Amino acid sequence: MKKFTYLKTKITGIILGLLMIMFFGNFSFSQTTLNAGDLAVIGIGCDNPDDFHFVVLVDIEAGTEIRFTDSGWQSDGTFRANEGCEKYTAPSAISSGTVISFITDSANFTADNDAGIGTNGFNLSGSGDQVIAFQGASDAPQFIYAAQTNSTEWQTDSDDSNQSDLPTGLTDGITAVAVGSGALAEDEYDNSTYNMSVTTGTQSELLAAISNASNWVGDDAAYQVPTGSFTVNSGTSTDLFFSEYIE
């Protein structure tokens, strides 16, 4: 009987230990997998000090990693890989509508360069540049959002460090925005900021407003930091995608 009780206690302890490992393992290493449009860039400041802002449009778990690069995307499906990358790691659970700044939240960003994305470091150019958000490896990125200040049009390739093709799977006006001063490849603004004209709505409504280049303000003198907060109402971007193709 004693041997049975001992074995029962031992087995129970092992099971509890395994459950704790599973629970705390998931707690420590879980992260949110993001889809296109689950965040949006709302400001790019290329004049020193470099800065950019983005708003998360869904709740994300602590430990979620999001990579940001200024290396342009090429028509062959690779990065130009002449610049670099910064990785944001959520320090805690982040609620939808939260705005995050590269400078203000610098403690949560780390350099994340590699050969596939560039080893020269993240360094926004005053002659126009892009900020591209993605998850995953540099040679198989899952794009979330892209914004550029070098033109109002995405290029068909990345001929220099200021240019970029539209990243694969993103749609200009929905999950990407080009906010330069004109349509030519080098018609740039040093800095550009979403005017915060719409800050409450569904994910679809907010993406439509943020990704509309006419709602951005360009400035060659100073970066106008976006101020205010966002409220994301229930609803998804699905309605927007369907309306774009049905109408």
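Trainee: Why does Met196 count as buried here?

Mentor: Keep in mind that we're looking at a predicted model. Met196 has a relative accessible area of 17%, and buried means under 20%, so Met196 makes the cut.

Trainee: Where does Met196 lie, and what is notable about its phi?

Mentor: Met196 lies in the loop between strand 10 (191-194) and strand 11 (200-202). Its phi is near 60 degrees, a positive value in a residue other than glycine. As background, most residues other than glycine have a negative phi.

Trainee: Ala81 also has a positive phi. What makes it partly exposed?

Mentor: The relative accessible area of Ala81 is 26%. Partly exposed runs between the 20% and 50% marks, so that is the label Ala81 gets. Ala81 is in the loop between strand 3 and strand 4, and its phi is about 60 degrees although it is not a glycine.

Trainee: Which residues does the cis peptide bond join?

Mentor: Asn48 and Pro49, with omega at about 0 degrees. Pro49 is placed in the loop between strand 1 and strand 2.

Trainee: On to the rings. Why is the pair of Phe52 and Phe122 called tilted?

Mentor: Start with the distance: the rings are 5.7 Å centre to centre, and a pair needs centres within 6.5 Å, so they pair. Next, the angle: there are 50 degrees between the planes. Stacked needs under 30 and edge-to-face needs over 60, so the pair is tilted.

Trainee: How do you know that this pair links distant parts of the chain?

Mentor: Phe52 sits in strand 2 (residues 51-56), while Phe122 is in the loop between strand 6 (109-111) and strand 7 (130-135), and the two are 70 residues apart. Both rings belong to buried residues: Phe52 has 0% relative accessibility, and Phe122 has a relative accessible area of 12%.

Trainee: What makes Trp73 and Phe143 edge-to-face?

Mentor: Their planes are 80 degrees apart, and the label needs over 60, so edge-to-face it is. The centres are 4.8 Å apart. This pair also links distant parts of the chain, with Trp73 in the loop between strand 3 (65-69) and strand 4 (85-89) and Phe143 in strand 8 (residues 142-148). Trp73 is buried at 4%, and Phe143 counts as buried at 8%.

Trainee: How many aromatic pairs does the structure hold, and which residues form one cluster?

Mentor: It holds 17 aromatic pairs. Phe52, Phe54, Phe68, Tyr88, Phe102, Phe109 and Phe122 form one aromatic cluster.

Trainee: Which residues have the most contacts inside the largest nonpolar core?

Mentor: That core has 40 residues, and those with the most contacts inside it are Leu39, Phe54, Phe68, Tyr88, Tyr145 and Ile210. Strand 1 (39-45) is among the elements that each supply at least two residues, and the largest share, five residues, comes from strand 1. Beyond its neighbours within four places in sequence, Phe54 is in contact with residues including Leu39, Phe68, Tyr88 and Phe109. A second, separate core of 12 residues includes Cys85, Phe134, Phe143 and Leu170.

Trainee: How do you know that helix 2 is mostly covered?

Mentor: Six of its eight residues are buried. They are Gln203, Ser204, Leu206, Leu207, Ala209 and Ile210. Helix 2 (203-210) also supplies at least two residues of the 40-residue core.

Notes:
Residues are numbered from 1 along each chain as its sequence is written. This is a predicted model: local features need pLDDT of at least 70, side-chain atom pairs count only at pLDDT 80 or more; totals for chains, interfaces and linings use all residues. Side-chain values use heavy atoms; hydrogens and water are left out. Rings of Phe, Tyr and Trp (its six-membered ring) pair if their centres lie within 6.5 Å; planes under 30 degrees apart count as stacked, over 60 as edge-to-face and the rest as tilted. Helices (H or I, at least four residues) and strands (E, at least two) are DSSP runs, numbered from the N terminus. Buried means under 20% relative accessible area, exposed over 50%, partly exposed in between (1.4 Å probe, protein chains only). A nonpolar core is a set of buried Ala, Val, Leu, Ile, Met, Phe, Trp, Tyr and Cys residues joined through side-chain atoms within 4.5 Å. Contact means heavy atoms within 4.5 Å.
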